[in-house]
Amino acid sequence: MASISIRESIRWLPEEATEATTTIVLTSPEKRFVDLRIFNPEKAESKDEVPLERLDWAMAGTSSSVAIPERGPDATRSQWVHWIDSRTLDVENATDEGYMSPLDGNRVLEEGTMMNPETGLQTDYEEIWNDEEPKAVPSDTGSHIVVLDYQGNDGAAQRGRVVKLGKYCQGLLRDGDAITAERWEWRQDRGWYMSKNVNKSTQIPCEHVLDNWNKAKGTTFEYSGRTWTVIESE
């Protein structure tokens, strides 16, 4: 099942929970994801233009979950294998995992241990997520769920992914040390708009898939000099 996960807060134990970012994870039915975590601006500035220093973390990869009944009837241990990571090229060692437990409504508690970027130390954490199911744009007659991948000739240093789920679309591109990312959202009063453009992105084909997308799985196409492949489309 596809999911749109919007983070409400993160807590580095024993500190209080906070949320200094806008963080959204789009996960496709086949568990491919794009996770963008962008710091909120400290002062008034363009809401959609995001300088690279405001990017907390951006990842793309695949996720998996297994039931952990001893932690509760619906608890799972989830793992995220990174294929692109804005913090490192060593993606083979960038896998992370956490324990997921349902809360009230659509909220989920994630618990685990990872490096606190402020201290550089491995620290226990808790994250609260609000999970939504994708809802199709009313006027869109094409695929409501789309995953695109780009793989260049330089391994983990040249990769890109786009995930569109209903009214959200996110893309991430690495070309050597250059990282760019986009987040698009659809609203009734304004249609599709780019809500976040990280590092002046112009080479990610998010806008290409927003309306009336009808390319089949396995199709390839050129965009800004790169060959992208349709990995999922439904």
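So, a salt bridge here is a side-chain nitrogen of Lys or Arg within 4 Å of a carboxyl oxygen of Asp or Glu. With that rule, Glu30 and Lys217 pair up through their side chains, N to O at 3.6 Å. Glu30 is in the loop between E2 and E3 and Lys217 is in the loop between E14 and strand E15 (220-223), so this pair ties together parts that are 187 residues apart in sequence. The strand labels are DSSP runs numbered from the N terminus: E for strands of at least two residues, H or I for helices of at least four.

Quick housekeeping. This is a predicted model, where local features need pLDDT of at least 70, side-chain atom pairs count only at pLDDT 80 or more, and totals for chains, interfaces and linings use all residues. Residues are numbered from 1 along each chain as its sequence is written, and side-chain values use heavy atoms, with hydrogens and water left out.

Back to that pair: how exposed are the two ends? I call a residue buried under 20% relative accessible area, exposed over 50%, and partly exposed in between, using a 1.4 Å probe and protein chains only. Glu30 is partly exposed at 40%, while Lys217 is exposed at 56%.

Okay, the domains. The assignment gives domain 1 (3-132) and domain 2 (145-233); bounds like these come from an automatic or database domain assignment. Their C-alpha centres are 20 Å apart. For contact, I mean heavy atoms within 4.5 Å, and 37 residues of domain 1 are in contact with 32 residues of domain 2.

How much area do domain 1 and domain 2 bury between them? About 2,900 Å², with 66% of it on carbon and sulfur atoms. Buried area, for the record, is the accessible area (1.4 Å probe) that two parts lose on being put together, summed over both.

There's polar stuff across the interface too. The count between domain 1 and domain 2 is 2 salt bridges. Glu232 and Arg32 also meet in a salt bridge, at 2.8 Å N to O. On top of that, 13 residue pairs are in polar contact across the interface, both residues at pLDDT 80 or more. A polar contact is a pair of N or O atoms within 3.5 Å; within protein, one must be able to donate a hydrogen and the other to accept it, and residues adjacent in sequence count only if both atoms are side-chain atoms. On the side of domain 1 that touches domain 2, strand E3 gives the most, with 6 residues.

Now the nonpolar part. A nonpolar core is a set of buried Ala, Val, Leu, Ile, Met, Phe, Trp, Tyr and Cys residues joined through side-chain atoms within 4.5 Å. Which residues touch the most other members of the largest one? Leu26, Leu165 and Leu172, out of 23 residues. Eight strands would be a lot to read out, but among those supplying at least two residues each are strand E5 (55-67), strand E6 (76-85) and strand E12 (168-175). Both domains give residues to this core, so it lies between them. There's also a second, separate core of 18 residues, including Val146, Tyr150, Cys206 and Val209.

Leu172 is a nice place to zoom in. Leaving out residues up to four places away in sequence, it touches, among others, Val34, Met59, Ile84, Arg161, Ala181 and Ile204.

Arg161 in that list deserves a look. Arg161 is in strand E11 and is buried, at 3% relative accessibility. Its side chain is joined to that of Asp149 by a polar contact of 2.7 Å. Arg161 and Ala181 are 20 residues apart in sequence and 9.6 Å apart in space, C-alpha to C-alpha.

Another buried polar residue is Ser195, at 9%, in strand E14 (residues 191-198). The Ser195 side chain makes a polar contact of 2.8 Å with the side chain of Glu185.

Last bit, charges again. The total comes to 16 salt bridges. One of them joins Glu126 and Arg11, closest N and O atoms 3.6 Å apart. Glu126 lies in strand E9 (residues 121-132) and Arg11 in strand E1, so that pair ties together parts 115 residues apart in sequence. Then there's Arg37 with Glu127, at 3.4 Å, linking strand E3 to strand E9 across 90 residues. Buried or exposed, those two? Both are buried. And Arg37 and Glu127 belong to a network of salt bridges with Arg7, Glu19 and Asp35.
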